[in-house]
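Please open the model in a viewer and follow the selections below in order. Each stop states what to select and what is found there.

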Amino acid sequence: RIGSASSLSSAVINTRLQELVRLFKERTEKVKEKLIDSDVTSDDESPVASPAAAAAVPAPGGELEGDKPLGDDHYCEMLCCTFKRRPWLQHLKSYQFPSSIDPLTNLMYVLWLFFVVMAWNWNCWLIPVRWAFPYQTPANIHYWLLVDYLCDLIYLLDILIFQTRLQFVQGGDIITDKKAMKENYLRSQRFKMDVLCLLPLDFFYFKVGVNPLLRFPRCLKYMAFFEFNNRLEAILTKAYIYRVIRTTAYLLYSLHLNSCLYYWASAYEGLGSTTWVYDGEGNSYIRCYYWAVKTLITIGGLPDPKTLFEIVFQLLNYFTGVFAFSVMIGQMRDVVGAATAGQTYYRSCMDSTIKYMNFYRIPRAVQNRVKTWYEYTWHSQGMLDESELLVQLPDKMRLDIAIDVNYNIVSKVALFQGCDRQMIFDMLKRLRSVVYLPNDYVCKKGEIGREMYIIQAGQVQVLGGPDGKSVLVTLKAGSVFGEISLLAAGGGNRRTANVVAHGFANLFILEKKDLNEILVHYPESQKLLRKKAKKMLRSNNKPKDEKGGPGDALVIPPKAETPKLFRAALAATGRMGGKGPLGRLRWRLKELQAMQE
């Protein structure tokens, strides 16, 4: 048994070693291919998982194939080794807080700002309520204080942990040094306001009692609120929705403050003492908020003030209401205008085009196609011209976007495989997106080809045949046509077929002059492209009977070669002067051969 077990284990080890040798050989071949052809990416070099690694994958029953240690310990099996893996709790304990935080891109910092803003909103909304309304009582004072000091703790952690670790830019360099970041925060206006908002006025509680107005400095942490707005708008896809919500919150907060002031004025005059003050019935906050809405919006229908104090208070309310609502309406108009700026631009362009076509009396059919192009282009791309969006970006950022959008398609073009990678990157920035409507001619037979087309979305059909309307082939997304025209010379750049859009089609266009401007800087790639273009032209210009690839459809296709055994049978029938089916077939074949000659 011992001998059989040892032989079995040695066989397993030999098998795994052979598998490793095979994987290394495959990796070496792929590296050689990359050195020969620079267009091969590093993604193709990842080795395939070995059978030993695949053995660690759970079976459908939920258990690992093969032996594995059981119990509370965590193990991981790889090849012929088994090592212990720490559980998630150990990972959590070993987590280290980052030494520096990027305030522009770190989502953890945005989440922390959310908690800081929540604490700030607690103070801004609840301090006036607790001061004006009788909601803070000795029975529930400990709950109020618990939340108050929890908010103070959030303020303190923000100062000690987060603000002292924020990166900043100095002289064009991103500073990540701990001492420099701390000194930058200590010298900033933000630090002065953060210290001011944490003034320990709570010690006066022992002398004057728990007065919420002593916590008013906590509302001075407004810089965190505006920073949170900027960071949140930067990561939201539809930031205008948040802007509308924020503007509405401004309005509600102004009404909230006015309701608190009205209850305070009513308590100062005496609840129910006159017809103007709050009479003390029902929910005090709801009744006062309703009065504040009617006053600030100047709806009317309110009782007239009686005393001088009430008249002055009401006049200040009216003036404040007019000013506040004019500001709110202006902000809401700006938010809605920014959200619909693209739609407004699209409508203005379309209206100007329709006005132009009506002035020159363009046929109605052409006008309808123009309107359809506007509608489809706007709804498919969200803009009329993509180049207008990217023109403000630096050249490097435009290249990064072009690589993400177009590189996977362009790298598959056979004409450009093996060319300099930087040459392809420069070419990506010259691609132009065009939308074709159904049955639009992309190119016509016989015209001079000056562009290459890459299908981004949709389909196009290549037409040919005697009538020029037969569909020879349908090209789908990712296909390329017209690439030979970019490098052909001496009349070889004429289109050989009609290409029509089948449905709506989004195409990328590369013009010949753009490619020539790029190839000036890449002579090796230019030689390679010329060589490939000549080879492709020679294959396209071969006679139809010699050409291996698909060509124009023949009216009478060439006759297939007769099998040798069948020819021998026909020859024997002719020598024997036989009649019957084979004799008639032999006579028919001779007749067809004469017709073909």
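Select residues 141-162 in this predicted model. The chain is 100% helix and 0% strand over this span, and the C-alpha atoms at its two ends are 31 Å apart. Now add residues 109-129, which are likewise 100% helix and 0% strand; here the end C-alpha atoms lie 31 Å apart. Both spans, 109-129 and 141-162, carry the annotation "transmembrane region" in an unreviewed UniProt entry.

Next, move to strand S10, residues 498-511. Is this strand mostly covered or mostly open? Strand S10 is mostly covered, with ten of its 14 residues buried.

Keep S10 displayed and bring in its pairing partners in turn.

- Select strand S5, residues 432-436. S5 pairs with S10 in the antiparallel sense through five bridges. Within this pairing, centre on Val-435, which stands opposite Asn-506 of S10.
- Select strand S6, residues 441-443. S6 and S10 run antiparallel and are joined by two bridges. Label Tyr-441, whose bridge partner in S10 is Val-500.
- Select strand S7, residues 451-464. How many bridges join S7 to S10? There are eleven, and the two strands run antiparallel. Label Ala-457, whose bridge partner in S10 is Asn-506.

For a final view, centre on Asn-506 in S10. Display Val-435, which stands opposite Asn-506, together with Ala-457, which has Asn-506 as its bridge partner.

Methods. Residues are numbered from 1 along each chain as its sequence is written. This is a predicted model: local features need pLDDT of at least 70, side-chain atom pairs count only at pLDDT 80 or more; totals for chains, interfaces and linings use all residues. Side-chain values use heavy atoms; hydrogens and water are left out. UniProt positions are given in the numbering used here, feature names are shortened, and annotations may be inferred rather than shown by experiment. Helices (H or I, at least four residues) and strands (E, at least two) are DSSP runs, numbered from the N terminus. Buried means under 20% relative accessible area, exposed over 50%, partly exposed in between (1.4 Å probe, protein chains only). Two strands pair if DSSP finds at least two bridges between them.
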